[in-house]
Amino acid sequence: MESLLSTFKDILHAGMLHYLQKEELSIDRLSFTERAGKLYAPLWKDTRSMTFEETFLLTLALVPHLEPAVLDLFYVQNPVLGRPYTEFGGVLSKSNASFLPTAQTAAFLLTLLTGITREDIFSLLGKEHRFYKERILWVEESPEAEPWINGLLRVSEALPMQLSGVCYQPEYSVRFPATRITTALEWEDLVLPPQLADEVDEINYWISRGEAIVAKWQLGCLLKPGYRLLFYGPPGTGKTLTTLLLGKTCGMDVYQVDLSSLVSKYIGETEKNLANLFDTAAHRNWILFFDEADALFSERTASDSSNDRYANQEVAYLLQRIEDFPGIIILATNLRGNIDNAFFRRFQSVLYFPVPDEELRFRLWKKMIPCLWVEDDQLLWEAATHKLAGAYFKCDTFVCGKNSPERAGSPYPGDPARSHCPRRV
């Protein structure tokens, strides 16, 4: 990256000398394009080679994050007017007064270096370009009543870290109200009915191989990118663990969304929060997990009041964003009937997680209780007769652990009278 920034600096200086002092312009565009193209290629799914205009534009947007002093030459004053050159564009950072490039800055430099037209520049920065579609680079909304071209060049927050070889894992924030969750368990620790296990296996296969299947059979015109699932059933039946294991197997981070931070009492704020969430997660190798999803994806009601109308607007906005989201979204709920029916058309898979039957409960006990704690399986079969969901087994295992055989005859802290109490499971 340092070598690329050095070359970018040389090109920038050559262009400015050509513009200000009419010196001959001599730049090695091919070498810069090849070097930058190799560096940026892993950032997106589009395998087409990058042009000089694309590599230069992306580097210009990255410079404030990597080496902001490179752009200090734009502070030069117009000797005729005694103020900065209007054609340079840009704004000053509020924190350190560094130069932040705008779309006008990009238009000035690319026109100067390549002779590209304004129409081509608008195409580079438009919503149909792969920069925008994959949330690599875009133009921030300009201040009110100012031209669009005065908007700042923005790159994904993850981009500078990705180029440095660091895995981007955002912290919980107002813009991204979600927390990364993990598990130390494996698939063999998950006990599901056979049919449900087969359905989960199909989902695992599609998440891992879906893009290759779509490309091979040219299904892109029929299937939208992304995968949307609904897990429903009684609490403690394995919905969250299944989500975590899918992410673990496919090498995807799972982020659990904080619904309380998404919903706002102020009109339009909920939609804004949702937009920030989906925009941040788009084209990331993540799974967005909405637990207790019925609180947000609830069924629309008759618009008898303004509150109902705004609530319905939020659901309608969610429908749109869920359908257009290019990543993996998993919703979990105990109350399927509270989910708006319109969402079900958007789900590729809807899975029911039942309370395990007696045989499955025995398998769960067998996995959780160490064999030395019980003399034979009879006690486990007796425990399996009680109809409980898997999550409750953890509580019972904890109680058993507190009363494990290891404590028989061991000192009881703080209570000499109980120092040799025998313990039995």
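## Exercises on a predicted model

In this predicted model, strand S7 (residues 178-181) and strand S9 run antiparallel, joined by 4 bridges.

**Exercise 1. Place strand S9 among its partners. Which strands pair with S9, and is S9 largely enclosed or not?**

Step 1. Start with S7. Its Ala-178 stands opposite Val-257 in S9.

Step 2. Look for another partner. Strand S10 (residues 286-290) is joined to S9 by 4 bridges, and these two run parallel. Here Asp-253 stands opposite Trp-286 in S10.

Step 3. Check burial. A residue counts as buried under 20% relative accessible area. Strand S9 covers residues 253-257, and 4 of its 5 residues are buried, so the rest of the structure largely encloses the strand.

**Exercise 2. Follow the side chains along strand S12 (residues 349-352). Which ones are buried?**

Step 1. Sort the residues by face. Ser-349 and Leu-351 point to one face; Val-350 and Tyr-352 point to the other.

Step 2. Add burial. Ser-349 and Leu-351 are buried, while Val-350 and Tyr-352 are not.

Step 3. Find a partner strand. Strand S8 (residues 227-232) runs parallel to S12, with 4 bridges between them. Tyr-232 stands opposite Tyr-352 in S12.

**Exercise 3. Describe the surroundings of Thr-242. Where does Thr-242 lie, and what does it contact?**

Step 1. Locate the residue. Thr-242 is part of helix H9 (residues 239-250).

Step 2. Test burial. Thr-242 has a relative accessible area of 0%, so it is buried.

Step 3. List contacts, leaving aside neighbours within four places in sequence. Thr-242 then touches Trp-187, Leu-190, Leu-192, Val-200, Phe-231 and Phe-353.

Step 4. Take one of these, Phe-231. Thr-242 and Phe-231 are 11 residues apart in sequence, and their C-alpha atoms are 9.3 Å apart in space.

**Exercise 4. Examine two cysteines. How many disulfides are there, and are Cys-221 and Cys-250 buried or exposed?**

Step 1. Recall the bond. A disulfide covalently links the sulfur atoms of two cysteines.

Step 2. Count. The structure holds 0 disulfides.

Step 3. Compare with the cut-offs: under 20% is buried, over 50% is exposed. Cys-221 has a relative accessible area of 72%, so it is exposed. Cys-250 comes to 18%, so it is buried.

**Exercise 5. Describe the largest cavity. What is its volume, and which classes of residue line it?**

Step 1. Count cavities of 30 Å³ or more. There is 1.

Step 2. Give the volume. The largest cavity holds about 130 Å³ of space.

Step 3. Name lining residues. Among them are Arg-135, Trp-138, Arg-154, Tyr-168 and Asp-279. Strand S6 (153-155) and helix H11 (269-281) are the elements that give two or more residues to this lining.

Step 4. Sort by class. The lining has 3 nonpolar, 2 polar and 6 charged residues.

**Exercise 6. Now take the second largest pocket. Which element supplies the largest share of its lining?**

Step 1. Give the volume. The second largest pocket has about 910 Å³.

Step 2. Find its centre. Of the 31 lining residues, Tyr-132, Lys-133, Glu-134, Arg-135 and Asp-279 are the closest to it.

Step 3. List the elements. Helix H6 (130-133), strand S5 (137-139), H11 and helix H12 (306-324) each supply at least two lining residues. H11 gives the largest share, 4 residues.

Step 4. Sort by class. The lining of this pocket has 12 nonpolar, 3 polar and 16 charged residues.

Technical notes:
Residues numbered from 1 in each chain as written. Predicted model: local features only at pLDDT ≥ 70, side-chain atom pairs only at ≥ 80, totals over all residues. Heavy atoms only, no water. Disulfide = S-S within 2.5 Å. Buried < 20%, exposed > 50% of the residue type's maximum accessible area, 1.4 Å probe, protein only. 1 Å grid on protein atoms, 1.4 Å probe; cavity = no way out; pocket = protein on both sides within 12 Å on 5 of 7 lines; lining within 4 Å. Points joined across faces, edges and corners; volume = space filled by probe spheres on them. Nonpolar A, V, L, I, M, F, W, Y, C, P; charged D, E, K, R; others polar. Pairing = 2+ DSSP bridges. Contact = heavy atoms within 4.5 Å.
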